[in-house]
Structures are given as C-alpha cells and as structure tokens.
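Colleague: Got a minute to walk me through this one? I'd like to start with what's buried and what isn't, then move on to pockets.

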Amino acid sequence: MRHITQEGLNLIKHFEGFSSTVYTCPAGYATIGYGHLITKSESFKTITEDNAQELLRNDAEDAERAVLRYIDVPLTDGQFDALVSFTFNLGSGALQRSTLRRKVNRQAHSEVPDQLKRWVWAGGRKLNGLIVRRRMESALYAVMDV
C-alpha cells in the first residue's frame, strides 16, 4: 500500500498540533494527540507524544486507504500527500462525494487547488487555520515530482 511521505505527515502534524489532553475541535468532536477523533470505544485523559504519533500513523493509514479507493489516476507524492491531509482532516466521505475527487480523476490537476481551497468551514464557521491549511495542501498538490 502507498503511504504518505514524511513531508505530508509533518503537514498534518503542523496543522493538527499536539495536545496531550482531550479537547473539542472546531467541528465539535472530542479529540486528542494530533487530531485523533476519539471514538465511543476509547477513553483518554492524557496521552504521550509517542502514543499520539502511533494514533496519527493509524489515522493517516485510514486516509491513505480512502485516497487509494476513490482516486483512480496516478498521483505524484505531493498530490497524494495533499489528498491524504485533506482526507485526514475532513474524512473519507468528504473526498468521496466531492467535486475535488471528480477533478482529480479527470486529471484536471490545474483545477484541484481551487477545489481544495473551498473546504475552509467547520462548525458553520470559516476558519483561518483551514484557509492556511488548504493553501499549503494546494501548494503541495501543485509540486511536480522530479
């Protein structure tokens, strides 16, 4: 299975930030570590950074599988990383039903950055952090591997 690069993982870590304690994310979900959404079967009070990185890797694998399932054209590492970051942040359903997905699968790569930049809302609010994240994902998507 294809995996996100370290650069892509660092992008996710940068925007998610690390929290050793449970917090509520802007979309209203209980979260810990590097943006790990706490499921009903999980219980955390605190977490170490090592444990958070393990959860991040598992969560990133879920996002990687979704990108591989819904995107059926070849991608550069930058394109794959950007889509995994997007999917990690918004979930596989957002990727599955998006115009973004259709543009990627039609290989309309020049139109993808604008599609990414549309996804800047959480909890009914336009968030500056998401605006910056989508700009970074767009820039990463546009990088052509050598």
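Modeller: Sure. One cut-off before we start: a residue counts as exposed when its relative accessible area is over 50%, and as buried when that is under 20%. Also keep in mind that this is a predicted model.

Colleague: Fine. Which residues of helix 7 are exposed?

Modeller: Asn128 and Arg135 are exposed, on the other side of helix 7 from its buried residues.

Colleague: And which ones are buried in helix 7?

Modeller: Leu130, Arg133, Arg134, Glu137, Ser138, Leu140 and Tyr141. Looking down the axis of helix 7, these buried residues fall within an arc of 165 degrees, so they line one face of the helix.

Colleague: What covers them?

Modeller: The cover of the buried residues of helix 7 includes helix 1, helix 3, helix 5 (99-105), helix 6 (112-116) and strand 4.

Colleague: What span should helix 7 have, and what does the model give?

Modeller: Helix 7 has 15 residues, so at 1.5 Å a residue it should span 21 Å, and its end C-alpha atoms are 21 Å apart, which agrees.

Colleague: Let's switch to helix 1. Which residues are buried there?

Modeller: Gly8, Leu9, Leu11, Ile12, Lys13 and Glu16. Their cover includes strand 1 (19-24), helix 2, helix 3 and helix 7. Just after helix 1 comes Gly17, with a positive phi of about 70 degrees.

Colleague: Okay, pockets. What volume does the largest one have?

Modeller: About 720 Å³ for the largest pocket. Its lining has 28 residues, and the closest to the pocket centre are Glu16, Leu37, Phe88, Asn89 and Leu90. Glu16 is also one of the buried residues of helix 1.

Colleague: Which element gives the largest share of that lining?

Modeller: Helix 3, with four residues. Those supplying at least two residues each are helix 1 (6-16), strand 3 (36-37), helix 2 (49-70), helix 3 (77-90), strand 4 (121-122) and helix 7 (128-142).

Colleague: How do the lining residues divide into nonpolar, polar and charged?

Modeller: The lining of the largest pocket has 16 nonpolar, eight polar and four charged residues.

Colleague: Last topic, backbone angles. What about Gln107, where does that residue sit?

Modeller: Gln107 is in the loop between helix 5 and helix 6. Its phi is positive, about 60 degrees, although Gln107 is not a glycine.

Colleague: Why does Gln107 count as partly exposed?

Modeller: Because its relative accessibility is 48%, and partly exposed covers what lies between the buried and exposed cut-offs.

Note on methods:
Residues are numbered from 1 along each chain as its sequence is written. This is a predicted model: local features need pLDDT of at least 70, side-chain atom pairs count only at pLDDT 80 or more; totals for chains, interfaces and linings use all residues. Side-chain values use heavy atoms; hydrogens and water are left out. On a 1 Å grid over the protein atoms alone, a cavity is a set of points where a 1.4 Å probe fits but cannot get out, and a pocket is an open set with protein on both sides within 12 Å along at least five of seven lines; lining residues have an atom within 4 Å of a point. Grid points are joined across faces, edges and corners, and a volume is the space filled by probe spheres set on the points. Ala, Val, Leu, Ile, Met, Phe, Trp, Tyr, Cys and Pro count as nonpolar, Asp, Glu, Lys and Arg as charged, and the others, Gly among them, as polar. The expected span of a helix is 1.5 Å times one less than its number of residues. Buried means under 20% relative accessible area, exposed over 50%, partly exposed in between (1.4 Å probe, protein chains only). The arc is that of the directions from the helix axis to the C-beta atoms. Contact means heavy atoms within 4.5 Å.
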